[in-house]
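Here's a quick tour of one structure, sheet first and helices after. Have the model open as you read.

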Amino acid sequence: MNNLPKSYLERCTNEQLLKRIENLPFNGLEELIDIYANQLKKLKSSGTQEKNVSSKFKKKPPAKELPFLLEKMRKSVDKFLNLEKEEIPFCNIAYFGADTISVGGPSGLYHYSRQLIEVERCSKKNLCWLLAHEYAHHVQFSIMNPPFLSQNSSALPELELSTNLQYSIFLEGHADGVARHVSQRHTRRHSFSAFAIPPVKRMYLTLQYAKKEKLSTKEITDHHDLGNLLFAYLEHREGPGIYKAMVHGEYDW
Ligand SMILES: [Zn+2]
């Protein structure tokens, strides 16, 4: 039996997801925390030798550059998820408008009804995982057909989903996993560790919070945290191929 905190399992109502994380053949949180702590340590130590490349990725790009950045991340996500032959609808991108309330820190939204990704103005190093995460939502809504969409197709999923935990845990855990792997690939390609630090750190902190039973106090973001937590277990057991398998229908909601 795994040692996932009971309070979180009780809140996850996705039967398929729960079935997959039952009876995990390892001791759970401690082991996962070690894995992500080591990844983070490695990324941070290589970061000290990358001063020369860092300035070009530290700048906040102008709005007109966003479509090119999204195109780069789209290619990476499509490759990771084996979607290169699929017809994914076009997705627009913009910075948040003046009326959007910032939640602090780099953040983004995917609007299903407008096929639009909106992101906060931030540096290229943060845009890497942010765009990969939001584009992963675009893929989910374009080809995975989340069951609730039939009744609610005009809603803004990122907001609407906060009341629909069953699906949001799945969608956010999946999108965060995709963003983490794609950012790690970019890190290797550009020899720039800062691309992968935010998503790996996010996973590490989520696991630490879970260990201290503190996740439930973070109400606004808990579908991300719960998703990360459950996907950390699932990925550890079944490997990073789960993200691709889910997109290609080898998984029930
Ligand atoms: Zn999201």
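## The sheet

In this predicted model, three strands make up an open sheet with mixed pairing, ordered β1-β3-β2. The edges belong to β1 (92-95) and β2 (108-111); each has a single partner strand, so one side of each is left without a neighbour in the sheet. Direction ignored, neighbouring strands here are turned by 20° against each other on average.

Take a look at β1 and β3 (residues 116-119): they run parallel and are joined by four bridges. Ile93, for instance, has Ile117 in β3 as its bridge partner. Packed on the sheet is helix α6 (residues 124-144), which touches β2 and β3 and points at about 155° to the direction of β3.

## Where α5 meets α6

Helix α6 also has a helical partner: the axis of α5 (residues 66-80) comes within 9 Å of the α6 axis, and the two cross at roughly 65°. The crossing is right-handed.

On the α5 side, the contact uses Leu69, Leu70, Met73, Arg74, Ser76 and Val77. Helix α6 brings Leu127, Cys128, Leu131, Ala132, Tyr135, Ala136 and Val139. Sort the residues of this contact by type and you get eleven nonpolar, one polar and one charged.

## Ala37 and a distant partner

Over in helix α3 (residues 29-47) sits Ala37. Is this residue buried, exposed or partly exposed? Ala37 has 14 other C-beta atoms within 10 Å, so it counts as partly exposed: buried takes 20 or more, exposed 12 or fewer.

Ala37 also pairs up in space with Tyr204: their C-alpha atoms are 6.4 Å apart, though 167 residues separate them in sequence.

Definitions and conventions: Residues are numbered from 1 along each chain as its sequence is written. This is a predicted model: local features need pLDDT of at least 70, side-chain atom pairs count only at pLDDT 80 or more; totals for chains, interfaces and linings use all residues. Two strands pair if DSSP finds at least two bridges between them. Axes are lines fitted to C-alpha atoms, for helices over the stretch in contact, and angles run from 0 to 180 degrees between N-to-C directions. Two residues are in contact if their C-beta atoms, placed from the backbone, lie within 7 Å. A crossing is left-handed if the near helix is turned anticlockwise from the far one by less than a right angle, and right-handed if clockwise. Ala, Val, Leu, Ile, Met, Phe, Trp, Tyr, Cys and Pro count as nonpolar, Asp, Glu, Lys and Arg as charged, and the others, Gly among them, as polar.
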